Amino acid sequence: MDIFNPDHDLCLANGSASFVPPATARQFGQDCSAIMEYVLPDVSPHKVWGWDRIVLGRLLKSGADPSQLPSEAYLDTVRELSHRRYALSCREYVFSKIGNPGFLCDIAPYEAMTMDSIISTVNEYADALLKAPWSGSGKGIRKVRPDSWTASDRGWCAKMLDRQGSVMVERRQKVALDFSLQFRMTPDRLLFEGFAIFETQGCAYNANLLASNGHILGLLSAYSETKDILRVRDLVGEYLETAFLGRYRGVLGVDMFFSEEGLLAPCIEINVRNNMGMVSRLVYDRLASEYAGGFCAGASGRAGASVCAGDFGRSGAGLSAGFPDGQLKMRVLNASSPEQLRSSLAGARTILAGGGPDALHAVAIF
């Protein structure tokens, strides 16, 4: 059985095996289940977006053999490794290993255990992001300044301290380009699967670029030297092997960004699950050789499944950086069912002016 459970991060944040995810999240998972065709194989007979106690319960209720499922102890480890303090630790490892970190952006993440330490850190940073220790896809994040604290902000912090034990505080930066490193952890080694570029709206995930690894690395190298990017990739891999090898099996996505000053901020978040960066990598790699075009799957309406289009080069929004003006033009298709979504992912195509395989660009929104 394959399960797309986009409520995985909510389940980890709650931590209870009896937690009931919102109906909208469950419906979205059902409507877009076709996405699981583009997810790497799982170690068990069941392919799951992210492992947690809720999805384990679903499988057990469906009659799955317990011996073929992860243990509760393993799920506890997955939850532990999903805590944002591991991203903080990864960042510290990278900074410690690079002798001249002048190309790195220091967001100075700090795990605050009390309200007083949250407030003092925000006062020090002047412009800060507050993050719940367990959260993902842009949820559980608040933007605060010393002069803009609200009762809602204080209440949220108090709730996080009570429920999750801490609040992560970061120095807020203006982001020029978001990207991620995609890895796969096997029982005995870590494999690098590729790069992914994504865009956000506010703090929430919005889209991924479909392009070859070489093309994406070229876009990243416009901000920093290629050797520095690859050095950070290798150091992140070293950290993951040290902290995760033998404890986790599956996909790991490490989010990063370049600031408007062109500095690289490593290890913003570690997604201990499948993620859209890996999906975009696999979709491109599978379909690029077959079609001379791009693919765009988008969330719209109640079902949350449609194929959309846009002219990002001309609009100057999101993923336009590095593209000639007006290069990206896509045909609009609609998908109102998982079957149509599957068909669209396999057959949507766009014609790019003068583009070869490395000029294959598109946006995948789920």
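The second largest pocket in this predicted model takes up about 290 Å³. Its lining runs to 15 residues, and the ones nearest its centre are Ala17, Ile54, Gly57, Arg58 and Lys61. Helix α3, spanning residues 53-61, is the top contributor here, putting 7 residues into the lining of this pocket. As for chemistry, the walls of the second largest pocket are a mix: 7 nonpolar residues sit alongside 6 charged ones, with 2 polar residues making up the rest.

Next come the enclosed spaces. Counting those of 30 Å³ or more gives 4 cavities. The largest cavity has a volume of about 130 Å³. It is lined by 16 residues, and Ser82, Ser135, Glu269, Ile270 and Asn271 are the closest to its centre. Two elements, α1 (8-14) and β11 (264-271), each give two or more residues to that lining. Of the contributors, β11 gives the most, with 4 residues. Sorted by type, the lining of the largest cavity splits into 6 nonpolar, 6 polar and 4 charged residues.

The second largest cavity holds about 60 Å³ of space. Strand β11 turns up here too, and along with α5 (85-97) and β6 (167-171) it supplies at least two residues of the lining. The full set of lining residues can be listed: Arg84, Ala87, Leu88, Arg91, Ile107, Pro109, Met168, Glu170, Pro266, Cys267 and Ile268. No polar residue appears in this lining, which divides into 8 nonpolar and 3 charged.

Cys267, then, is one of the residues around the second largest cavity, and with a relative accessible area of 4% it counts as buried because the cut-off for that label is under 20%. Cys105 is buried as well, again with a relative accessible area of 4%. As for sulfur pairing, the structure holds 0 disulfides.

Helix α6 (residues 115-125) offers a look at how one element is packed. Its buried residues are Ser117, Ile118, Ile119, Thr121, Val122 and Tyr125. The cover over these residues comes from several elements, including the strands β3 (110-112), β4 (128-131) and β5 (141-144), the helix α7 (151-164), and β6. Strand β6 thus has a part in covering α6 and also in lining the second largest cavity. Right after α6 ends, Ala126 adopts a positive phi of about 70°.

Zooming out to the whole chain, the secondary structure amounts to 12 helices and 12 strands. The chain has 366 residues, and 54% of them are buried. Long-range contacts are well represented: of the contacts between residues at least 6 apart in sequence, 67% link residues at least 24 apart. On the outside, the chain exposes about 15600 Å², with carbon and sulfur atoms supplying 50% of that area.

Notes. Residues numbered from 1 in each chain as written. Predicted model: local features only at pLDDT ≥ 70, side-chain atom pairs only at ≥ 80, totals over all residues. Heavy atoms only, no water. Disulfide = S-S within 2.5 Å. Buried < 20%, exposed > 50% of the residue type's maximum accessible area, 1.4 Å probe, protein only. 1 Å grid on protein atoms, 1.4 Å probe; cavity = no way out; pocket = protein on both sides within 12 Å on 5 of 7 lines; lining within 4 Å. Points joined across faces, edges and corners; volume = space filled by probe spheres on them. Nonpolar A, V, L, I, M, F, W, Y, C, P; charged D, E, K, R; others polar. Contact = heavy atoms within 4.5 Å. Areas by Shrake-Rupley, 256 points an atom, 1.4 Å probe, with all protein chains shown as cover.
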